[in-house]
Amino acid sequence: MRVEKFFGYASIFNNTDSVNDVVLPSAFKRFNIVKQDGKTKGIKLLLNHDSNLHIGWIEKVKVDSKGLFVQGCIDKKLQHSSIGDNAIKNGFVGLSIGYYANKFTKDSFLKKRYIHDITLDEISVVKNPANKKAVIQSFTYQTNLSLSP
């Protein structure tokens with residue numbers, strides 16, 4: 001069986017991550033879904049932010065009061081999809097956003113950076129997310145059943 005789809009939060013608002021960044025609810029007010037070959041394919045899904053390990057797509061995105069909730073899929077047509085499938089099965093259940101901070105403020109006393117606006121570049125499946133609350137909450141398997149006599 002292969003992991004087909006997963007669901008979880010790629011970013012949690014107002015939570016200090018391991019590099020002292022705090023993504024604010026305003027950060028995702030605007031972002032574009034990437035178009036590939038004329039079709040809306042979603043945002044690229046990578047393994048460990050490695051652009052050479054493209055494993056699938058983020059198909060649905062919802063910003064709610066908690067954060068950025070996503071539905072992703074492992075695209076078996078991609079060269080490294082089996083690596084992504086195995087990674088999730090073996091404990092890579094963290095999610096991490098790859099982004100450019102367009103607007104942020106710094107708190108020198110607390111040594112935190114508050115992210116007000118971002119450009120989302122990609123989302124990655126990772127073993128140890130910077131934001132420990134950003135995780136895959138569930139996933140579904142694709143089964144290949146043969147009904148041959």
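**View 1. His49 in a predicted model: a positive phi in a partly exposed residue.** The relative accessibility of His49 is 35%, so this residue counts as partly exposed. The model shown here is predicted. His49 is found in the loop between strand E5 (43-47) and strand E6 (50-63). Its phi is positive, about 60°, although His49 is not a glycine. Why does that deserve a close-up? Most residues other than glycine have a negative phi.

**View 2. Asn14, an exposed loop residue.** Asn14 also has a positive phi, near 60°, and is a residue other than glycine. Where does Asn14 lie? Look in the loop between E1 and E2. Is Asn14 buried or exposed? Its relative accessible area is 51%, and exposed means over 50%, so Asn14 counts as exposed.

**View 3. The chain as a whole.** The chain has ten strands and one helix. Follow the elements from the N terminus: the order is β-β-β-β-β-β-β-α-β-β-β. The chain has 149 residues, and 40% of them count as buried.

**View 4. Strands E6 and E7, a hairpin.** E6 and E7 form a hairpin, with three residues between them. How do the two strands pair? They pair in the antiparallel sense, over seven bridges. Find Val63, then look across to E7: Leu68 stands opposite. In a regular strand, side chains alternate between the two faces of the sheet. E7 has eight residues, and seven of them are buried, so this strand is largely enclosed by the rest of the structure.

**View 5. Glu59 and Cys73.** Start at Glu59, which is found in strand E6. Its relative accessibility is 34%, so Glu59 counts as partly exposed. Now find Cys73. In sequence, Glu59 and Cys73 are 14 residues apart. In space, their C-alpha atoms are 7.0 Å apart.

**View 6. Two aromatic pairs.** How many aromatic pairs does a search of the whole structure find? It finds two. One of them joins Tyr9 and Phe69 in an edge-to-face arrangement. The ring centres are 5.0 Å apart, and the planes meet at 70°. Tyr9 belongs to strand E1 and Phe69 to strand E7 (residues 67-74). These two residues are 60 apart along the chain, and their pair links distant parts of it. Tyr9 has 9% relative accessibility and counts as buried. Phe69 has 23% and counts as partly exposed.

Phe13 and Phe28 also pair. Their ring centres are 6.1 Å apart and their planes stand at 40°, so this pair is tilted. Phe13 lies in the loop between E1 and E2, while Phe28 lies in the loop between E2 and strand E3 (35-36). The pair therefore ties together parts that are 15 residues apart in sequence. Are these two residues buried or exposed? Both Phe13 and Phe28 are buried.

**View 7. A charge over a ring.** The residues to find are Arg113 and Phe104. The charged end of Arg113 sits over the ring of Phe104. Its distance from the ring centre is 4.9 Å.

**View 8. Strands E8 and E9, joined by a turn.** E8 and strand E9 (residues 112-126) run antiparallel. How many bridges join them? The number is 13. The two strands form a hairpin with four residues between them. Lys111 lies in the turn, and its phi is positive, about 55°. Elsewhere in this hairpin, Ile97 stands opposite Ile123 in E9.

**View 9. The largest pocket.** This pocket has a volume of about 170 Å³. Its lining is made of 15 residues. Which of them are closest to the centre? They are Asp17, Ser96, Ile97, Tyr99 and Ala130. Strand E1 (2-12), strand E2 (21-23) and strand E8 (94-107) each give two or more residues to the lining. E8 gives the most, with four residues. Sort the lining by class: nine residues are nonpolar, four are polar and two are charged.

Technical notes:
Residues are numbered from 1 along each chain as its sequence is written. This is a predicted model: local features need pLDDT of at least 70, side-chain atom pairs count only at pLDDT 80 or more; totals for chains, interfaces and linings use all residues. Side-chain values use heavy atoms; hydrogens and water are left out. On a 1 Å grid over the protein atoms alone, a cavity is a set of points where a 1.4 Å probe fits but cannot get out, and a pocket is an open set with protein on both sides within 12 Å along at least five of seven lines; lining residues have an atom within 4 Å of a point. Grid points are joined across faces, edges and corners, and a volume is the space filled by probe spheres set on the points. Ala, Val, Leu, Ile, Met, Phe, Trp, Tyr, Cys and Pro count as nonpolar, Asp, Glu, Lys and Arg as charged, and the others, Gly among them, as polar. Buried means under 20% relative accessible area, exposed over 50%, partly exposed in between (1.4 Å probe, protein chains only). Rings of Phe, Tyr and Trp (its six-membered ring) pair if their centres lie within 6.5 Å; planes under 30 degrees apart count as stacked, over 60 as edge-to-face and the rest as tilted. A charge sits over a ring if NZ of Lys or CZ of Arg is within 6 Å of the ring centre and within 35 degrees of the ring normal. Two strands pair if DSSP finds at least two bridges between them.
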